[in-house]
Amino acid sequence: MMTKAPDRQSMPYRDCVGIAVFNREGNVFIGRRKPEDDPEDTSEHNAPWQMPQGGIDKGEDPLRAALRELHEETNITAVSLLAEAPEWIYYDLPDEALGIALKGKYRGQRQRWFAFAFTGQDSEIDVDNPGGGKFHAEFDAWRWEKLTRTPGLIVPFKKDAYDKVVAAFADIPQRFTHT
């Protein structure tokens, strides 16, 4: 039985935040998604690394959402705000994930991106038991990476969005490296 594909144009975008956390060397935090937990995993398009991101709760301020999501996914709380991307950054789900990923309700995400300086120690980062186990682990590994490399590490359908994040925060890495 063939089911009719959802009408992409009639579906809304989900409001989200994206978080770029820079360490003292000007590299950015990326986590490897746990594939069995990734609602956007469409196996054919699976590339496991990304920066933290998550939904904005109804009535929640995007900056508060970014700090909450960062803590829930990485355990990180020691940060200071560096920048906010000047506009919402959108991405659309691929056709085969439409009506399945994001609870089947959304065509993609509309993200507000924030850049933070990580002011703590790497030992604060705990992707296996974020919040001391209070939050569900979404990543199974993490590392520091050059911001410019992130579009090549993300699932292909998010590459254009990551290109915009790189452009929005392009000046930040040299603030740390002074080159």
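## Strand 7 and its neighbours

Strand 1 (residues 13-22) runs parallel to strand 7, and the two pair over 10 bridges. This is a predicted model, and strand 7 is a good place to begin exploring. Another stop is Thr74, a residue of helix 1 (residues 62-74).

**Strand 7 and its partners**

- Strand 7 spans residues 108-118, and 10 of its 11 residues are buried, so it is largely enclosed by the rest of the structure.
- On the strand 1 side, you can look for Gly18, whose bridge partner in strand 7 is Trp113.
- Strand 5 (residues 79-84) also pairs with strand 7, this time in the antiparallel sense, over 5 bridges.
- To find that pairing, look for Val79, which stands opposite Phe118 of strand 7.
- Strand 6 (residues 89-92) is another antiparallel partner of strand 7, with 4 bridges.
- Here Tyr91 stands opposite Gln109 of strand 7.

**The annotated motif**

- An unreviewed UniProt entry annotates residues 54-75 as a short sequence motif, the "Nudix box".
- In the model, residues 54-75 are 59% helix and 9% strand.
- The C-alpha atoms at the two ends of this stretch are 14 Å apart.

**A closer look at Thr74**

- Is Thr74 buried or exposed? Its relative accessible area is 0%, and buried means under 20%, so Thr74 counts as buried.
- The side chain of Thr74 reaches the backbone oxygen of Leu70 at 2.5 Å.
- Leaving aside residues up to four places away in sequence, Thr74 touches several residues, including Phe29, Pro52, Ile125 and Phe139.

Terms used:
Residues are numbered from 1 along each chain as its sequence is written. This is a predicted model: local features need pLDDT of at least 70, side-chain atom pairs count only at pLDDT 80 or more; totals for chains, interfaces and linings use all residues. Side-chain values use heavy atoms; hydrogens and water are left out. UniProt positions are given in the numbering used here, feature names are shortened, and annotations may be inferred rather than shown by experiment. Buried means under 20% relative accessible area, exposed over 50%, partly exposed in between (1.4 Å probe, protein chains only). Two strands pair if DSSP finds at least two bridges between them. A polar contact is a pair of N or O atoms within 3.5 Å; within protein, one must be able to donate a hydrogen and the other to accept it, and residues adjacent in sequence count only if both atoms are side-chain atoms. Contact means heavy atoms within 4.5 Å.
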